[in-house]
Amino acid sequence: MYKMMLSDVDDSELKTIVDTLKDGDIYIEIGVYYGHSLSRVINATKNRNIKYIGIDLFEDYQKSSDNTHEGDAANCVALYNYLSDLYPAEKIALHKGYSSDVLNSFPEIQSGHIFIDGNHTYAQSLKDFLIAKRVLKNGYISFHNCSNDRHPDTMYIAADGGPYQVVEDIKSDSDVKFITKVDKLGLFQRV
Ligand SMILES: C[S@@+](CC[C@H](N)C(=O)[O-])C[C@H]1O[C@@H](n2cnc3c(N)ncnc32)[C@H](O)[C@@H]1O
């Protein structure tokens with residue numbers, strides 16, 4: 001039996017992501033953990049023709065002062081087996097590795113959504129974003145934990161600005177258009 005750890009991605013944030021996805025898209029989640037948000041996105045869009053890609057350090061994750069993740073680590077194969085029992089395996093790919101390195105190795109994606117929910121330091125959130133906008137030609141890029149009034153987002157702001165500050169800074173980036181903030185989720189469209 002797969003042990004699912006729940007995440008703090010709520011229904012309104014999930015709906016905001018799900019509403020952007022259409023037939024032919026690729027959905028990439030940076031920071032999968034036990035697959036709670038990924039499996040909910042898959043479940044809500046399984047009747048659309050979408051490919052789902054998860055990127056995480058999985059069991060290679062090690063606690064460090066420059067990584068905001070403090071929980072345990074999920075096993076990549078166990079999660080893949082769980083997801084592929086529920087949904088068509090050929091539509092799902094999990095990549096174990098450092099988010100920006102893995103994403104940087106991808107070919108261009110014509111349309112999709114990249115959800116950034118990995119290491120929430122300012123430096124890594126910005127790096128993930130800069131690579132995401134290079135890889136993704138059309139679609140959406142979103143950030144989790146970019147509010148300025150919720151836990152743990154306020155902790156990330158106090159440390160180095162975190163995803164909140166990245167979102168504020170990239171509002172002036174002409175490669176993306178700020179669309180909305182829903183609870184702790186910030187949504188941009190690639191333009
Ligand atoms: C907040 S959790 C993701 C929660 C998940 N999106 C959900 O809602 O169910 C963050 C995850 O990012 C992963 N992570 C942290 N830093 C990473 C990095 N540099 N590259 C890849 N994954 C990373 C951690 O291992 C952890 O599983």
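## Strand pairing in the sheet

Two strands are said to pair here if DSSP finds at least two bridges between them. In this predicted model, strand β5, residues 139–143, and strand β7, residues 185–190, meet that description, pairing in the antiparallel sense over five bridges. Within the sheet, Phe 143 stands opposite Gly 186 in β7, and Lys 181 likewise stands opposite Gly 186 in β7.

Strand β7 also pairs with β6, again in the antiparallel sense, and here over six bridges. These two strands, β6 and β7, form a hairpin that has two residues between them, and Asp 183, which lies in the turn, has a positive phi of about 55°.

## The sheet as a whole

The strands belong to an open sheet of seven, arranged in the order β3-β2-β1-β4-β5-β7-β6, and the pairing across this sheet is mixed. Because β3 (92–96) and β6 (176–182) stand at the edges and each has a single partner strand, one side of each is left without a neighbour in the sheet. From one strand to the next, the twist averages 15°.

## Surroundings of the ligand

The ligand is surrounded by 21 residues, of which Ser 7, Gly 31, Ser 37, Ser 99 and Asn 119 come nearest. When the residues of this shell are divided by character, eight are nonpolar, ten are polar and three are charged.

Two elements can be named as contributors, since α2 (36–45) and β2 (51–56) each supply at least two residues of the shell around the ligand.

Technical notes
Residues numbered from 1 in each chain as written. Predicted model: local features only at pLDDT ≥ 70, side-chain atom pairs only at ≥ 80, totals over all residues. Near = placed C-beta within 6 Å. Helix = DSSP H or I, 4+ residues; strand = E, 2+ residues; numbered from the N terminus. Nonpolar A, V, L, I, M, F, W, Y, C, P; charged D, E, K, R; others polar. Axes fitted to C-alpha atoms, helices over the stretch in contact; angles between N-to-C directions.
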